Amino acid sequence: MAVNVTDRQRSAYIAAQAADARVNVELEAEGMTLNIGPQHPATHGTLRIVVRLDGEQVLWAEPVAGYMHRGYEKLTEVRTYPQITTLVNRIDWLGSFCNEVPFILAAEKLMDVEAPPRAQWIRCILFELGRIANLILFLGDMGVQLGALTPVFFAFRDREHVLNLIESATGGRFHPNFDRIGGLKEDFPKGWIDETKGVLKKVVGFCDEIETLLMGNEIFERRTRGIGVIPPHVAMEYGLSGANARASGIDFDLRRDEASPLPWDKCDFKVWTHPDGDSFARYWVRLQEVRESAKIVRQLLEGIPSGAIQAKVPRIIKVPAGEAWVHTENPLGEMGYYVVSQGGLGPFRCKIRTPSFSNVSITPWLLRGVFVPDVITILASLYFILGDIDR
Amino acid sequence: MAPKLPGLVKGLGVTLRTMMKPAVTVQYTGPHGKEREDPPARARGVIALKEENCTVCMLCARQCPDWCIYIEGHKDKAPPRREGGKPRSIQYLDRFDIDYGLCMYCGICVEVCPFDALFWSPEFEYSEPRIADLLHDKTRLGEWMEGVPEPQALEVGALAKKGGKK
């Protein structure tokens with residue numbers, strides 16, 4: 001039976017066929033598009049990376065951030081200063097205390113108050129403990145991305161000691177909310193310093209253990225050496241900071257380079273750099289950093305001054321009008337707050353510079369031409385926290 | 001000079017050594033009954049309310065970053081302190097609810113309370129199958145007072161708190 005086909009239907013059919021053909025040609029010419037994430041076990045959260053593949057090789061990659069955007073910069077405008085510390089805890093949730101410190105320092109700079117020395121030392125100790133807790137997880141997690149399950153269990157086991165310390169001092173395992181303008185909430189409980197000295201031994205032991213587990217391992221070496229190389233000038237162009245920059249040979253550490261109220265200048269520590277700039281170098285630099293942090297905490301515990309932990313501040317905190325920028329060397333890199341105050345209870349505007357956001361911006365450059373399994377290794381070695389990208 | 005061990009064997013040696021050590025984890029619930037690790041005294045587990053200290057000043061409800069505290073009260077006459085005096089007018093607490101489904105555990109309410117009516121307790125076992133049951137009313141919050149620890153001693157070199165026990 002003949003079917004009556006109108007001209008309109010016929011032209012629609014031809015157009016559809018042509019569109020199909022175009023798609024096929026496109027697929028053949030430019031390869032396949034693959035979404036890594038937003039829900040993927042190898043990304044630590046909801047980062048989506050769109051990669052275009054030619055066989056096993058990546059032609060083009062693009063990170064899509066924003067799946068976990070919580071609007072903290074906007075939220076700070078409608079919260080008071082004491083309320084904001086509890087918000088910024090949740091930016092980099094593995095080293096929470098480190099997020100509070102630059103914000104509080106910026107507010108103190110505007111108010112022109114200075115915390116007493118004991119408070120600064122306690123801040124510095126907790127800051128470094130936060131760094132240890134954060135980086136220990138990376139040291140184990142890198143193994144998981146390569147298929148080695150044991151290191152991550154060791155990492156969780158030994159991170160627990162550090163988290164217990166933070167909890168017994170501040171009351172919160174992950175979100176301390178311990179820093180106040182002009183000082184701290186409370187002093188350490190009795191016996192905390194001795195306990196910490198014991199835990200630092202375990203942390204150093206963990207570093208030795210993970211070194212025997214992974215560093216000499218043939219699989220680990222071959223999957224990280226020479227993979228994802230970032231030359232120093234590219235690292236500079238993309239604004240990389242922290243261990244990612246230091247692994248490319250850039251000798252940059254704000255703890256040493258910037259004057260800070262926190263007593264890093266009174267400690268003796270080495271800033272490790274690595275000339276290679278590959279995944280292995282980034283792992284190695286972080287491993288050394290944990291050791292250096294343990295060294296810093298030990299020195300600080302030896303020389304902690306006694307005295308008050310809170311300077312005199314008004315009960316209702318109003319910050320005078322002005323602008324302040326404070327940045328510190330956080331576990332993931334350079335973190336800073338640009339606080340603009342108009343004299344109210346909360347900031348007028350607060351710009352949060354997070355390290356992961358800049359560190360992830362290099363992925364389109366870095367992932368071009370690598371193979372699919374290496375995408376996971378490179379992402380793991382860049383070490384970002386999703387809350388830190390999206391905040 | 002020891003011969004160079006392949007990395008895999010060296011790594012497996014670490015695994016074997018750790019296998020011989022006792023487990024560090026605790027069997028929370030299960031066939032061996034119930035074990036639990038007690039959190040430190042400062043842990044922010046649950047907020048306890050000492051009802052007689054509350055004066056319905058609403059400071060905690062106003063300072064709460066996510067407004068999870070609901071307070072209602074009324075003013076009423078109370079008997080005079082001295083015989084023959086004027087009857088006083090004081091605030092009575094009718095409702096004090098904390099919604100733990102919203103609470104961020106920041107502790108601002110405990111800190112701002114000027115009359116020491118709110119305390120942290122390290123108790124943590126209050127999960128509920130229904131999210132609406134996480135709203136604790138004032139009797140439930142009062143029951144948490146049992147778990148509130150005594151003020152702790154501070155580390156050497158700390159300044160003693162004013163009026164606090166050493």
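This briefing walks through the contact between chain A and chain B, and then looks at two residues of chain A. Please keep in mind that the model is a predicted one. The two chains bury about 3000 Å² between them, with 51% of that area on carbon and sulfur atoms. Chain A brings 41 residues to the contact and chain B brings 34.

**The interface at a glance**

- Three residues of chain A are worth finding on your screen: Gln83(A), Lys190(A) and Thr212(A) supply 15% of the area that chain A buries against chain B, more than any other three residues.
- Two salt bridges are counted between chain A and chain B.
- In a salt bridge across the interface, Arg180(A) pairs with Glu111(B), and their closest N and O atoms are 2.4 Å apart.
- Polar contacts across the interface come to 13 residue pairs, with both residues at pLDDT 80 or more.

**What chain A presents to chain B**

- Four helices of chain A each supply at least two residues to the side that touches chain B: helix 3 (81-88), helix 6 (150-170), helix 7 (192-215) and helix 8 (218-224).
- Helix 6 of chain A gives the most to this side, with seven residues.
- By residue type, the side of chain A that touches chain B divides into 13 nonpolar, 15 polar and 13 charged residues.

**A look at Glu160(A)**

- Glu160(A) sits in helix 6 of chain A.
- With a relative accessible area of 28%, Glu160(A) counts as partly exposed, because this value falls between the 20% and 50% cut-offs.
- The side chain of Glu160(A) makes a polar contact with the side chain of Arg173(A), at 2.4 Å.
- Glu160(A) and Arg173(A) are 13 residues apart in sequence, and their C-alpha atoms are 9.3 Å apart in space.

**A look at Ser248(A)**

- You will find Ser248(A) in the loop between helix 10 (243-246) and helix 11 (254-257) of chain A.
- Is Ser248(A) buried or exposed? Its relative accessible area is 2%, so Ser248(A) is buried, the cut-off being under 20%.
- A polar atom of the Ser248(A) side chain lies 3.0 Å from the backbone oxygen of Ile230(A).
- The backbone oxygen of Asn244(A) lies 3.4 Å from a polar atom of the Ser248(A) side chain.
- Leaving aside residues up to four places away in sequence, Ser248(A) touches Ile230(A), Pro232(A), Ala235(A), His274(A) and Gly277(A).

Note on methods
Residues numbered from 1 in each chain as written. Chains lettered and ligands numbered in written order. Predicted model: local features only at pLDDT ≥ 70, side-chain atom pairs only at ≥ 80, totals over all residues. Heavy atoms only, no water. Contact = heavy atoms within 4.5 Å. Buried area = accessible area lost by both parts, 1.4 Å probe. Salt bridge = Lys/Arg side-chain N within 4 Å of Asp/Glu carboxyl O. Polar contact = N/O pair within 3.5 Å; in protein donor to acceptor, adjacent residues only side chain to side chain. Nonpolar A, V, L, I, M, F, W, Y, C, P; charged D, E, K, R; others polar. Buried < 20%, exposed > 50% of the residue type's maximum accessible area, 1.4 Å probe, protein only.
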